[in-house]
Amino acid sequence: MQQYVAFLRGINLGKRRLPMSRLKELFEELGFGEVETFIASGNILFSAKTTNDSLLESRIAKHLEAALGYAVDTFVRTEKEVATIGAAKIFPEDGREGITVHVGFLHKKLPDEIALKFAAVRTEADEFRVIDREYYWLCRIRTHESKVWTLPEIKALKLPTSTMRNLTSIRKLVAKLIS
């Protein structure tokens, strides 16, 4: 059985609130083993026989929509992929006071042209890097104060749906995975 982490977009935001025990049950209904939630923000650890990430994403998303009545974008990574993401130090400033790094999960790798344009977007407070199916956002101010996502060059990229997590949370998740 392969170990996975599913990152769900928009869980426990606004009117989309549900107990993590219910989310765990929904994953168990799909026949997954070792189901466990991590932080009440849509991070689910589980094991499955299949090794097809896109099939897992599709099955989970369809099941959650049927059970909850709304679409839930689902991004699946293997335990090893999550460990690699957590171990990465993409920006030299990572770990310094006042610096926040987020990782964004995508379904597919961005086309090279889009990835290069995305990584080229910079402000005094913000920088991006794109690696495989993830992007990393370094923010030197409070993230809610950043205006980077409203920039015309970001909007022009028409980025696909993603979900973001603070890299600190990912590192705590990795510590849990290896304990």
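This briefing describes a four-stranded sheet, the helices around it, and a set of buried and aromatic residues. The model is predicted. Its open sheet of 4 strands follows the order E2-E3-E1-E4, and the pairing is antiparallel. The structure also holds 12 aromatic pairs, one of which joins Phe-7 and Phe-105.

**The sheet and its pairing**

- Strand E2 (33-37) and strand E4 (74-78) are the edge strands of the open sheet, each of them pairing on one side only, and from one strand to the next the twist averages 20°.
- Strand E1 (residues 2-8) pairs with E4 in the antiparallel sense over 5 bridges, and E1 is also joined to E3 by 6 bridges, again with the two strands running antiparallel.
- Ala-6 can be followed into both neighbouring strands, since its bridge partner in E4 is Val-76, while in E3 the residue standing opposite Ala-6 is Ile-44.
- E2 and E3 pair in the antiparallel sense over 3 bridges, and within this pairing Gly-33 has Ser-47 of E3 as its bridge partner.
- E2 and E3 form a hairpin with 5 residues between them, and in the turn Ile-39 has a positive phi of about 60°.

**Strand E3 and its surroundings**

- Strand E3 (43-48) is one of the elements touched by helix H2, and 6 of the 6 residues of E3 are buried, so the strand is largely enclosed by the rest of the structure.
- In a regular strand the side chains alternate between the two faces of the sheet.
- On one side of E3 the buried residues are Asn-43, Leu-45 and Ser-47, and on the other they are Ile-44, Phe-46 and Ala-48, so that both faces are covered.

**Helices packed around the sheet**

- Helix H2 (residues 53-68) packs on the sheet through contacts with E1, E3 and E4, and its direction makes about 140° with that of E4.
- Helix H6 (residues 167-178) lies across E1, E2 and E3, and it runs at about 155° to E1.
- In helix H1 (residues 20-29), Met-20, Leu-23, Leu-26 and Phe-27 are buried; these residues cover an arc of only 110° around the axis, which puts them on the same side of H1.
- The elements that cover the buried residues of H1 include E1, E2, E3 and H2, and just after H1 the residue Gly-31 takes a positive phi of about 90°.

**Aromatic residues**

- Phe-7 and Phe-105 form a stacked aromatic pair, with 4.1 Å centre to centre and 10° between the planes.
- This pair links distant parts of the chain, with Phe-7 in strand E1 and Phe-105 in strand E5 (residues 100-106), 98 residues apart.
- Phe-7 is buried, with a relative accessible area of 0%, and Phe-105 likewise counts as buried at 0% relative accessibility.
- One aromatic cluster is formed by Phe-118, Phe-128, Tyr-135, Trp-137 and Trp-149.

**Ser-162**

- Ser-162 is found in strand E8 (residues 162-166), and its relative accessible area of 14% means that it is buried, the cut-off being under 20%.
- The side chain of Ser-162 makes a polar contact of 2.8 Å with the side chain of Tyr-135, a residue that also belongs to the aromatic cluster.
- Not counting residues up to four places away in sequence, Ser-162 touches Arg-9, Phe-75, Phe-105, Leu-106 and Tyr-135, and among these Phe-105 is the partner of Phe-7 in the stacked pair.

Terms used
Residues are numbered from 1 along each chain as its sequence is written. This is a predicted model: local features need pLDDT of at least 70, side-chain atom pairs count only at pLDDT 80 or more; totals for chains, interfaces and linings use all residues. Side-chain values use heavy atoms; hydrogens and water are left out. Two strands pair if DSSP finds at least two bridges between them. Axes are lines fitted to C-alpha atoms, for helices over the stretch in contact, and angles run from 0 to 180 degrees between N-to-C directions. Contact means heavy atoms within 4.5 Å. Buried means under 20% relative accessible area, exposed over 50%, partly exposed in between (1.4 Å probe, protein chains only). A polar contact is a pair of N or O atoms within 3.5 Å; within protein, one must be able to donate a hydrogen and the other to accept it, and residues adjacent in sequence count only if both atoms are side-chain atoms. The arc is that of the directions from the helix axis to the C-beta atoms. Rings of Phe, Tyr and Trp (its six-membered ring) pair if their centres lie within 6.5 Å; planes under 30 degrees apart count as stacked, over 60 as edge-to-face and the rest as tilted.
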